[in-house]
Amino acid sequence: MIQLQNPKSERREALEATSVAVLTAAESAAAYASTADATRRLSHQTVALLTSAGFARHLVPRAWGGTEGTFEALLAAVAALGEGCASAAWCAALWSAHGRYAAYLPPDGQHDLWAAGPDVRISASVKPSGEARRLPSGWLLSGEWENVSGVEFAHWLLLAAMEPGADGPRCRLFAVPRDGISVRDTWHSTGLRGTGSHTAVMEPAFVPDHRTFLMADLVSGVAGPGRARCHTVPAHLAGGLLFCAPAVGAARRALGEWSSWAARTQALRRPDDDGSRLHHALARSADDIDTAQLLLQDAARRADTGTRADRDVLRNRRITAAGADLLVDGVERLFRTAGAHAGTGVLERSWRDVHMAAAHQLLRRESAGVAYATSVFSELAQEQAALAEPATLQEVSAGES
């Protein structure tokens with residue numbers, strides 16, 4: 001599918017064809033980007049090309065015809081899309097990620113989704129809402145879920161709700177066919193307008209047991225039948241990475257647009273203007289964007305190793321949040337330097353999209369930093385305690401003698 005790095009020789013031809021499909025989808029996304037921003041929805045053509053390019057199947061189990069692809073390849077493909085339309089890139093990244101989520105359904109539930117093929121677009125809301133009532137062989141689910149990206153074009157939805165229990169409530173995800181819900185137009189955002197992240201409304205309906213699983217299993221990356229390495233990574237190892245990937249592309253596009261404007265400005269500058277302000281802005285923003293991309297590539301490669309170590313999970317969470325901050329800084333500098341010339345075109349849209357993506361809760365640098373630092377300090381405290389313990393025992397023994 002989207003795997004473009006080091007393809008095996010027997011799959012090289014198919015992967016090269018896929019890369020063409022990704023580029024074709026990116027061209028469509030770019031052509032319709034301003035329309036998507038204005039109408040708050042992707043075009044049908046772009047959605048069809050995203051699907052044929054393999055985003056929906058990228059993390060689907062091979063047993064159902066999926067790719068079980070890598071996060072590094074997905075980062076590259078989503079960023080390429082983001083250069084033309086961050087909203088299309090956002091939906092593509094989430095449709096890929098939600099294929100990974102659905103791998104936690106029991107086999108019969110996976111059959112319901114993928115029996116006819118792996119190119120199933122799955123939208124999701126992982127913030128618990130609605131009501132789930134236990135029935136003898138399933139659940140009665142109802143309620144409203146906000147900010148469901150790409151919901152209008154989804155085939156299935158994964159909706160989170162709390163499961164009441166004697167030991168306290170637990171969060172569950174429920175797989176629901178798209179025709180089982182209605183959509184209320186509520187998405188009026190500053191950026192990523194084309195994602196159509198409206199509210200899903202579900203009247204009370206039965207969901208069988210085989211179409212639900214515990215959120216805790218997904219978050220911790222529990223192994224299970226048919227789950228490959230890409231399915232069992234802890235949620236924070238790869239989650240922030242995919243939310244940041246569209247912003248990488250949008251920031252690169254902003255840099256390109258700004259550079260063209262700055263080059264024209266340089267040609268028309270006054271004799272007493274050496275242009276150093278523009279030189280510094282370009283160099284510093286390029287540094288920020290390149291550094292963010294390198295951090296995200298490092299995080300993606302770590303996720304692809306299948307590590308489950310807490311230090312790696314917290315490090316990925318930290319550096320993806322840092323990457324988001326760098327992208328914001330880089331684009332903010334370009335936008336402010338352009339001033340009135342930022343206008344209402346590509347630079348302005350990229351500025352809005354990058355800020356909106358970076359506002360996601362998984363990319364909050366303060367909470368990511370606190371979690372990482374707490375882990376580091378805890379490990380160091382344990383090491384220091386372990387080193388001090390033998391000396392204390394020696395001192396006790398010397399005192400007794």
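What volume does the second largest cavity have? About 50 Å³. Keep in mind on this tour that the model is predicted.

To see that cavity, select Arg-41, Leu-42, Cys-91, Trp-95, Gly-150, Val-151, Glu-152, Phe-153, Gly-194, Thr-195 and Gly-196, which line it. Colour them by type and you get five nonpolar, four polar and two charged residues.

Now stay on Leu-42. Besides lining the second largest cavity, Leu-42 belongs to the largest nonpolar core, a set of 75 residues. Add Leu-50, Phe-55, Phe-71, Leu-81, Trp-258 and Leu-327: together with Leu-42, these touch the most other core members. Then highlight helix H8, residues 235-267, which brings 16 residues to this core, the largest share.

Zoom in on Leu-50 next. Leaving aside residues up to four places away in sequence, Leu-50 touches Ala-25, Leu-42, Phe-55, Leu-81, Ala-88, Ala-92 and Trp-95. Trp-95 should look familiar from the lining of the second largest cavity.

For a separate stop, pick Tyr-101, Trp-114, Ala-175 and Leu-218, which are among the 19 residues of a second core.

Last, back to empty space: the model has three cavities of 30 Å³ or more, and the largest has a volume of about 50 Å³. Select Gly-82, Glu-83, Gly-84, Cys-85, Ala-86, Ala-250, Arg-253, Val-346, Arg-349, Ser-350 and Asp-353 to show its lining. Helix H4 (71-84), H8 and helix H11 (346-358) each supply at least two of these residues, and H11 gives the most, with four. By type, the lining of the largest cavity splits into four nonpolar, three polar and four charged residues.

Technical notes
Residues are numbered from 1 along each chain as its sequence is written. This is a predicted model: local features need pLDDT of at least 70, side-chain atom pairs count only at pLDDT 80 or more; totals for chains, interfaces and linings use all residues. Side-chain values use heavy atoms; hydrogens and water are left out. A nonpolar core is a set of buried Ala, Val, Leu, Ile, Met, Phe, Trp, Tyr and Cys residues joined through side-chain atoms within 4.5 Å. Buried means under 20% relative accessible area, exposed over 50%, partly exposed in between (1.4 Å probe, protein chains only). Helices (H or I, at least four residues) and strands (E, at least two) are DSSP runs, numbered from the N terminus. Contact means heavy atoms within 4.5 Å. On a 1 Å grid over the protein atoms alone, a cavity is a set of points where a 1.4 Å probe fits but cannot get out, and a pocket is an open set with protein on both sides within 12 Å along at least five of seven lines; lining residues have an atom within 4 Å of a point. Grid points are joined across faces, edges and corners, and a volume is the space filled by probe spheres set on the points. Ala, Val, Leu, Ile, Met, Phe, Trp, Tyr, Cys and Pro count as nonpolar, Asp, Glu, Lys and Arg as charged, and the others, Gly among them, as polar.
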